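Open the model in your viewer and keep the selection tool at hand. The stops below say what to select next and what is there.

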Amino acid sequence: MASSQAVEDLQQALPDSRFVFRGSEEYDDLNKTYQSALNVEIHPSCIFLPKSNEDISAFLKHVGLRALSGEIPIAIYGAGCQPLRGCANVQNGITVNLSSLKGLTIGDGRVSIAAGERWGSVYEELGKKGLGVAGGRSAKSGIGGLALEGGLSFQSSRHGFVCDNVINYEVVLASGEIVNANGKENVNLFRALRGGGNNFGIVTRFDFPTFEQGPMYGGSVYYFAPSFPEQIQHLVDELQKPEPSKDTHLMISTGYAAMFGPQMMCQNQLYHNHPEENPAVLRPFTSVSPQLDQLNSMRVLSLAEAAKEQAEDSPVIQRSAYFNTTLKADARILQEAAEIYTAGLEPIKPCQGLICSMKLQPYAHSLLDASTAQGGNSLGLSPANGPLVSVLLLTYWTNKSDEAAVLETMKTILGSIKSRAAARDLLVPYTYMNYAFASQNPIGSYGAENKAELQRVSRRYDPQGLFQKGVPGGFKLFP
């Protein structure tokens with residue numbers, strides 16, 4: 001357990017800050033705000049709720065050496081959405097919960113967002129001014145997980161990854177120094193933060209450019225599995241067009257949930273950044289038949305409403321895990337992936353509360369072009385790779401006793417998909433950090449050159465390795 005003397009020292013050094021301890025109702029409430037029960041069942045000695053970046057600076061100055069020694073391990077909580085065990089919580093340590101860092105400033109073509117905000121509230125405020133931003137797709141999602149690791153937005157086909165759109169990071173370094181990282185100040189740190197995760201400091205504020213954003217058209221269409229191969233073909237056909245639309249955001253998935261019976265069910269999540277009803281570019285996906293008409297939610301809606309609907313698709317707190325890989329946009333390999341996935345689920349279908357899906361999310365040529373045009377990131381992807389499709393395996397279940405079987409099944413399915421794709425030169429060595437599980441190596445997937453640059457930046461800004469050794473959760477730059 002974290003040294004009680006160390007915590008007492010911290011309380012004296014930060015008298016106006018809040019420390020929440022085990023046994024209190026507030027502690028229990030805060031520790032239940034993770035998306036996955038894998039993190040809820042971790043119990044830090046206390047939760048630190050800073051009110052400002054100055055609080056975080058003082059915290060790191062006082063706790064740094066103890067964290068490095070292993071006496072008081074630290075975790076950093078933004079919104080708790082990533083299900084990877086321990087990525088934002090730490091047993092018997094101190095979890096730095098950023099939820100009290102609130103506020104956003106809109107003006108001069110940009111929005112400055114505090115790290116404790118959620119995308120839903122950001123969209124609500126921007127919407128009042130007819131503005132939007134290339135941020136997260138779920139209203140519940142936090143800012144940092146996407147802005148530091150990659151991330152897709154409803155506007156990614158035009159604006160690139162979420163991390164590509166950050167124009168300034170306000171960061172508290174391991175030393176306690178507060179710096180800005182952007183295209184002019186701390187440029188190498190700025191690029192490293194675009195995809196490198198929280199390996200360099202605690203980011204307290206993110207600045208994004210805004211753009212005019214009116215109503216859009218979108219929602220979900222549910223249908224039956226025999227139609228999924230045709231939908232895969234439509235997805236690839238759209239990506240392979242000489243000039244595919246930059247105004248669409250497409251996701252298609254197949255999955256299983258006991259509530260729908262023994263058959264696999266499918267979902268198309270479709271968005272067009274104009275209010276035109278059922279535009280031609282979406283019709284191959286909206287006209288799929290037969291579909292469950294009562295679940296069809298396609299309509300004209302605001303950006304905030306689209307994000308709210310995405311948030312409502314996530315189950316309440318259960319045990320959950322994500323795995324992912326990236327394939328070239330080839331209909332045959334994506335269909336084979338769906339077949340491997342469907343067959344591979346059979347052994348775990350009896351698991352209580354099982355809800356799982358394989359979601360295909362494209363990285364269009366235009367997305368990769370926009371990423372490059374905005375200065376690039378740490379992810380190791382280029383327009384020459386594309387178009388690509390992210391293959392995401394999302395799994396939710398109820399009982400801890402089923403965990404080993406569920407995780408092993410997902411690892412086996414993913415391994416089979418990757419092996420099949422690699423044999424046909426259709427596997428791309430990129431793993432999205434925010435969708436990765438413990439057995440995966442997202443930073444290694446960025447390529448040797450990018451990983452070496454991230455390590456070099458880490459040595460410069462965190463020479464003692466506080467965010468490598470003292471913050472054990474998540475994916476690290478060094479073995």
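## Stop 1: Ser297 and its loop

Select Ser297 together with Gly218, Gly219, Ser220 and Glu309: Ser297 touches these four residues, when residues up to four places away in sequence are not counted. The model is a predicted one. Ser297 sits in the loop that links α10 (283-286) and β15 (299-301). Is Ser297 buried or exposed? Its relative accessible area is 18%, and the cut-off for buried is under 20%, so Ser297 counts as buried.

Stay in this loop and move to Pro290, which also lies between α10 and β15. The peptide bond between Ser289 and Pro290 is cis, with omega at about -5°.

## Stop 2: the four-stranded sheet

Select residues 18-21, which are β1, and residues 74-77, which are β3. They belong to an open sheet of four strands with mixed pairing, ordered β1-β2-β4-β3. β1 and β3 are the edge strands; each has a single partner strand, so one side of each has no neighbour in the sheet. From one strand to the next, the twist averages 25°.

Now add residues 46-49, strand β2: β1 and β2 run antiparallel and are joined by four bridges. To see one pair in this part of the sheet, label Val20 and Ile47; Val20 stands opposite Ile47 of β2.

Then show residues 4-13, helix α1, which lies across β1, β2 and β4 (94-97). α1 runs at about 150° to β1.

## Stop 3: a hairpin

Select residues 168-172 (β8) and 178-182 (β9), two antiparallel strands joined by five bridges. Val171 has Val179 in β9 as its bridge partner. The two strands, β8 and β9, form a hairpin, and five residues lie between them. Which residue in the turn has a positive phi? Gly176 does, at about 95°.

## Stop 4: helices α8 and α16

Select residues 187-196 for α8 and 448-461 for α16; the helix axes come within 10 Å and cross at roughly 120°. This angle makes α8 oblique to α16. The crossing of α8 past α16 is left-handed.

For the contact itself, show side chains on both helices:

- On α8, the residues that meet α16 are Asn188, Leu189, Arg191, Ala192 and Gly196.
- On α16, the residues that meet α8 are Asn450, Glu453, Leu454, Arg456, Val457, Arg460 and Tyr461.

Coloured by type, the residues of the contact of α8 with α16 divide into five nonpolar, three polar and four charged.

## Stop 5: helices α9 and α12

Next, select residues 228-240 (α9) and 331-344 (α12), which pack at an angle of about 145° with their axes 9 Å apart. The crossing of α9 and α12 is right-handed. α9 brings Phe228, Pro229, Ile232, Gln233 and Val236 to the contact, and α12 brings Ala331, Leu334, Gln335 and Ala338. How many charged residues are in the contact of α9 with α12? There are no charged residues in it; the contact has seven nonpolar and two polar residues.

## Stop 6: helix α13 and what follows

Select residues 365-373, helix α13, and pick out its buried residues: Ser366, Leu367, Leu368, Ala370 and Ser371. The buried residues of α13 pack against α7 (156-159), β17 (355-363) and β18 (388-397).

Just past the end of α13, Gly375 has a positive phi of about 100°. Further along, look at Pro387, in the loop between α13 and β18. The bond from Gly386 to Pro387 is a cis peptide, with omega near -5°.

## Stop 7: two loop residues with positive phi

Finish with two residues that are not glycine. Asn278 has a positive phi of about 45°. Asn278 lies in the loop between β14 (265-272) and α10. With 26% relative accessibility, Asn278 counts as partly exposed.

The other is Asp425, whose phi is positive, near 60°. Find Asp425 in the loop between α14 (403-423) and β19 (427-428). Asp425 has 56% relative accessibility and counts as exposed.

Methods: Residues numbered from 1 in each chain as written. Predicted model: local features only at pLDDT ≥ 70, side-chain atom pairs only at ≥ 80, totals over all residues. Heavy atoms only, no water. Pairing = 2+ DSSP bridges. Axes fitted to C-alpha atoms, helices over the stretch in contact; angles between N-to-C directions. Contact = heavy atoms within 4.5 Å. Parallel < 35°, antiparallel > 145°, perpendicular 65-115°, else oblique. Left-handed = near helix turned anticlockwise from the far one by under 90°. Nonpolar A, V, L, I, M, F, W, Y, C, P; charged D, E, K, R; others polar. Buried < 20%, exposed > 50% of the residue type's maximum accessible area, 1.4 Å probe, protein only.
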